[in-house]
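Visitor: Please give me a close look at a single part of this protein, namely its interior. I should also like to know how the neighbouring parts of the chain are linked to it or to one another.

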Amino acid sequence: MVRCNNEAKDVSSIIVLFGYPFRLHRVQYEMPLCDEESTSKTMHLMGDFSAPAEFFVTLGIFSFFYTMAALVLYLHFHNLYTENKRFPLVDFCVTVSFTFFWLVAAAAWGKGLTDVKGATRPSSLTAAMSVCHGEDAVCSAGATPSMGLANISVLFGFINFFLWAGNCWFVFKETPWHGQGQDQGQGPSQESAAEQGAVEKQ
């Protein structure tokens, strides 16, 4: 809210609309001027936070597609999945990759959201407007933007990380690596049992 000391000027309310993908430097708003010659000046928000936001959303889309494809493979082609040893190995490697990417995406988007909040709070806008630094106007901060859904998206990002991390164990159990570990653990015990039997016979 900008209130000019000049009686000829009305009180101006500045409303700035922004959203995904948070390219704030492209968002314009009009800053009122309190002189009699001009009415307003076009201003822009500061910052470009599209990279972490788009990476987060893109990862979610690819995760959904891969989950649907894996579900079809598990339900309709389970025999092919168990007979071919390459499918479990590929599934395990992809699952580990998605786990790592979800951790990176959630952390990056959490940091990006914090920067978005800092760039869009009313105090940041008044600090960027020259009319608020002079004696010709009085500026007051308005309502802080609601970021509830954005905060929930960060929370769901970390939940996805834990879900994919837990799924790594179940996928690992289908790989030949898990079977080799069990065979190696049972091997020495079988040999020792055979040796003990031979000694008893002697």
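Guide: I shall begin with the overall layout, turn to the interior, and then follow the chain outward to its cross-links and surface.

This is a predicted model, in which local features need pLDDT of at least 70 and side-chain atom pairs count only at pLDDT 80 or more, while totals for chains, interfaces and linings use all residues. Residues are numbered from 1 along each chain as its sequence is written, and side-chain values use heavy atoms, leaving out hydrogens and water.

The protein chain contains 6 helices and 4 strands. These are DSSP runs numbered from the N terminus, helices being H or I of at least four residues and strands being E of at least two. Read from the N terminus, the order is β-β-β-α-α-α-α-β-α-α. Of the 202 residues in the protein chain, 28% are buried; buried means under 20% relative accessible area, exposed means over 50%, and partly exposed lies in between, with a 1.4 Å probe and protein chains only. Among contacts between residues at least 6 apart in sequence, 68% join residues at least 24 apart, a contact being heavy atoms within 4.5 Å.

In soluble globular proteins, nonpolar side chains tend to be buried together. Here, the largest nonpolar core has 33 residues, and those with the most contacts inside it are Y29, L45, W109, M129 and V131. Such a core is a set of buried Ala, Val, Leu, Ile, Met, Phe, Trp, Tyr and Cys residues joined through side-chain atoms within 4.5 Å. At least two residues of this core come from each of β1, β2, α1, α3 and α5 (148-172). Helix α3 supplies the largest share, 7 residues. Setting aside residues up to four places away in sequence, M129 touches V2, I14, Y29 and M31. Another core lies apart from the largest one; it has 5 residues, among them L73, F92, C168 and V171. C168 has a relative accessible area of 13% and is therefore buried.

Which covalent cross-links accompany this interior? The whole structure holds 2 disulfides, each a pair of cysteine sulfur atoms within 2.5 Å. One of them joins C4 to C34, with 2.1 Å from S to S, and its angle of -80° about the S-S bond makes the link left-handed. This pair connects distant parts of the chain, 30 residues apart: C4 is in strand β1, and C34 is in the loop between β2 and β3 (40-44). Both C4 and C34 are buried. The other disulfide joins C132 to C139 at 2.0 Å from S to S, and this link is also left-handed, with -90° about the S-S bond. C132 is buried, because its relative accessible area is 18%, whereas C139, at 24%, is partly exposed. With the bonded cysteines numbered in sequence order, the pairing is 1-2, 3-4.

The loop between β1 and β2 deserves separate attention. P21 is placed in this loop, and the peptide bond leading to P21 from Y20 is cis, with omega near 10°. F22 belongs to the loop between β1 and β2 as well; its phi is near 65°, a positive value in a residue other than glycine. F22 has a relative accessible area of 10% and so is buried.

Side chains of opposite charge can pair when their charged atoms come close. The whole structure has 2 salt bridges, defined as a side-chain nitrogen of Lys or Arg within 4 Å of a carboxyl oxygen of Asp or Glu. In one of them E54 pairs with R23, the closest N and O atoms being 2.9 Å apart. This pair, too, links distant parts of the chain, since E54 is in helix α1 and R23 is in the loop between β1 (2-4) and β2 (28-32), 31 residues apart. E54 is partly exposed, at 27% relative accessibility, and R23 is likewise partly exposed, with a relative accessible area of 27%. The other bridge joins D115 and K111, 2.8 Å from N to O; both residues lie in helix α3 (residues 86-120), 4 residues apart, or about one turn of the helix.
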